[in-house]
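Here is a short report on one pocket and one helix pair. Please have the viewer open.

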Amino acid sequence: MQIQLEHGDTPLLTCSSRAADVAQVVADLAAAVGTMELAGALLFCSNRFPRDELAQALREGLPGVPLIGCTSAGELTDRGYDTETVVLVGFPAESFSMVSLRFDSLDHFDPQEAQGAIRQLVAAARLDHAAVQDVHQVALFFVDGLSHREELLTMTAQHALGDIQLIGGSSGDGLSFSETGVLHEGRFHGDCAVIAVLTSRRPMHVFCESPYRPGPARMVITEADPQSRTVYEINAAPAAEEYVRLTGQAPDALDAHFFAAHPPMVRTGGQHHVRSIQSANPDGSLTFYCAIDTGVVLTIGEPLERIAWMNELIGKVSRRIGTIDHVIGFDCVLNRLDAEDRQIVRELSRLYVDNKIIGFNTYGEQFLAAHMNQTFSGLAIGR
């Protein structure tokens with residue numbers, strides 16, 4: 001199969017539905033797709049929809065459309081920040097191709113075996129386009145956001161992908177932290193990850209940035225369980241108590257809103273990255289979204305002016321890629337909560353709509369070989 005790019009190529013198909021029942025949701029999506037031939041599509045859905053029922057309706061209503069995606073902690077649609085929605089992003093077959101594979105039972109994930117499977121996937125994707133020049137490829141990645149295996153998976157995948165860059169997000173279920181699902185081959189699966197290689201002659205650019213800067217407070221993790229991502233002591237004091245003291249705030253509740261406003265940050269590779277807290281536990285410990293261990297040194301992040309920061313980020317992406325068709329966005333759920341608390345959701349939503357950003361709120365973001373928190377990451381696709 002060859003991909004030909006002509007001026008006026010069909011734009012990405014984007015649609016969403018807030019219908020009350022699954023049958024109407026899929027009917028809305030199918031009507032938007034119509035007769036368009038898609039090489040594949042991404043689907044992100046609220047946790048309010050019964051997954052088995054939704055998967056069956058998708059199989060019946062969109063037969064022949066390869067769908068990958070996941071449950072979300074909020075959606076980014078043509079209304080901006082959205083909830084209780086199903087959103088679809090379709091890749092027209094005239095200018096895209098997509099191949100994918102799934103890894104199940106992540107507690108038994110074998111990196112060596114996985115790298116072999118990913119290299120075979122890459123080889124198959126490249127073989128299809130051996131005669132085409134100026135082909136661009138990216139890898140889309142979706143993983144169970146409760147698996148605690150994201151770091152190993154992303155490092156393994158990016159190593160096997162070589163020069164193909166990886167971008168993706170961890171599945172969510174609102175703020176329930178109970179059960180998430182990753183969509184692949186017509187069903188939602190738990191405890192799994194899906195990787196897809198997307199190929200096109202259209203320009204594609206992946207990015208990952210955080211709207212926080214490091215503050216002056218210094219925290220050293222003095223006792224932690226890396227397997228469960230639980231921190232018991234910070235600066236040799238009970239973790240939650242010391243964290244609150246260093247923020248200089250007296251929270252009404254030690255909850256996701258407070259964690260979003262005061263994100264711990266770690267310096268790696270010459271840059272600071274957020275290591276978000278997922279929950280405070282009855283014993284005074286803190287559970288993190290990302291890998292954490294004894295000896296890690298953290299600071300507490302301070303927010304940048306979000307609207308100006310987002311405009312600057314979009315400007316950088318535009319200068320890199322030219323005219324943007326759409327940006328598939330992976331926006332941490334804690335960014336959304338912080339936007340709500342700062343009362344800037346309406347402004348951000350307008351900015352997302354104006355710049356054709358569509359996607360979902362995540363439990364974590366994957367960029368190249370790293371698992372991130374509290375970033376806005378994405379795949380920009382040009383025209």
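The pocket comes first, then the helix contact.

This is a predicted model, in which local features need pLDDT of at least 70, side-chain atom pairs count only at pLDDT 80 or more, and totals for chains, interfaces and linings use all residues. Residues are numbered from 1 along each chain as its sequence is written, and side-chain values use heavy atoms, without hydrogens and water.

The largest pocket holds about 260 Å³ of space. A pocket here is an open set of points on a 1 Å grid over the protein atoms alone, where a 1.4 Å probe fits, with protein on both sides within 12 Å along at least five of seven lines. Its volume is the space filled by probe spheres set on the points. Lining residues have an atom within 4 Å of a point. There are 16 of them, and E209, S210, Q271, H272 and H273 lie nearest the centre. β18 gives the largest share of the lining, 4 residues. Three strands (DSSP E runs of at least two residues) each supply at least two lining residues:

| Strand | Residues |
|---|---|
| β13 | 204-209 |
| β14 | 212-225 |
| β18 | 271-274 |

By class, the lining has 8 nonpolar, 6 polar and 2 charged residues.

Now the helices (DSSP H or I runs of at least four residues). The axes of α3 (residues 111-127) and α4 (residues 150-161) come within 8 Å and cross at roughly 45°. Contact (heavy atoms within 4.5 Å) involves P111, A114, Q115, I118, R119 and V122 of α3, and L152, T156, A157, H159, A160 and L161 of α4. This contact has 8 nonpolar, 3 polar and 1 charged residues.

Key: Ala, Val, Leu, Ile, Met, Phe, Trp, Tyr, Cys and Pro count as nonpolar, Asp, Glu, Lys and Arg as charged, and the others, Gly among them, as polar. Axes are lines fitted to C-alpha atoms, for helices over the stretch in contact, and angles run from 0 to 180 degrees between N-to-C directions.
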